[in-house]
Amino acid sequence: MRYPAARLTFTWAAGRGGRLVAMDGTPVHTTDSGRPAPPTVVVRRARQSRAVHRDDRLRAG
C-alpha cells in the first residue's frame, strides 16, 4: 500500500496468526508489545480533493 509520504507492507506470519507491518521497509514496533501482527487489515480508498474553504491562519508566515 503506497501513500505519497509512506509505503506500508503487510506480510503474513502464520506462526503469529497475523500480518507483520512494515513502514518504508522498516518493521513497525510498539513500545509495549513488540511487533504488532493484526489478523485483519482493512484498506479504505477515498478520493481527496482540494478544499474550497481555507484558513489563512494555518499558513506558515
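## The hairpin

Let's start at a turn: Gly17 takes a positive phi near 70 degrees in the hairpin of E1 and E2, where four residues lie between the strands. This is a predicted model, so please read the geometry that follows in that light.

The two arms of this hairpin are strand E1, residues 8–13, and strand E2, residues 18–23. They pair in the antiparallel sense, and six bridges join them. Across the pairing, Phe10 stands opposite Val21 in E2. As a general point, side chains in a regular strand alternate between the two faces of the sheet.

## Overall shape

Zooming out, the protein has three strands and zero helices, and its elements run β-β-β from the N terminus on. The protein is more spread out than a compact globule, because its radius of gyration is 17 Å, well over the 10 Å that the globule rule gives for 61 residues.

The C-alpha trace spans about 50 × 25 × 20 Å along the principal axes of the protein. Among contacts with a separation of 6 or more, 6% are between residues 24 or more positions apart.

## Surface and charge

How much of the protein is buried? Buried residues make up 13% of its 61 residues. The exposed area of the protein is about 5900 Å², with carbon and sulfur atoms supplying 52% of that area.

As for charge, the protein carries 12 positive and 4 negative charges. The mean positions of these two groups are 12 Å apart.

Conventions
Residues numbered from 1 in each chain as written. Predicted model: local features only at pLDDT ≥ 70, side-chain atom pairs only at ≥ 80, totals over all residues. Heavy atoms only, no water. Rg over C-alpha atoms; globule rule 2.2 N^0.38 Å. Buried < 20%, exposed > 50% of the residue type's maximum accessible area, 1.4 Å probe, protein only. Contact = heavy atoms within 4.5 Å. Areas by Shrake-Rupley, 256 points an atom, 1.4 Å probe, with all protein chains shown as cover. Lys, Arg positive; Asp, Glu negative; His and termini not counted. Charge placed at Lys NZ, Arg CZ, Asp CG, Glu CD. Pairing = 2+ DSSP bridges.
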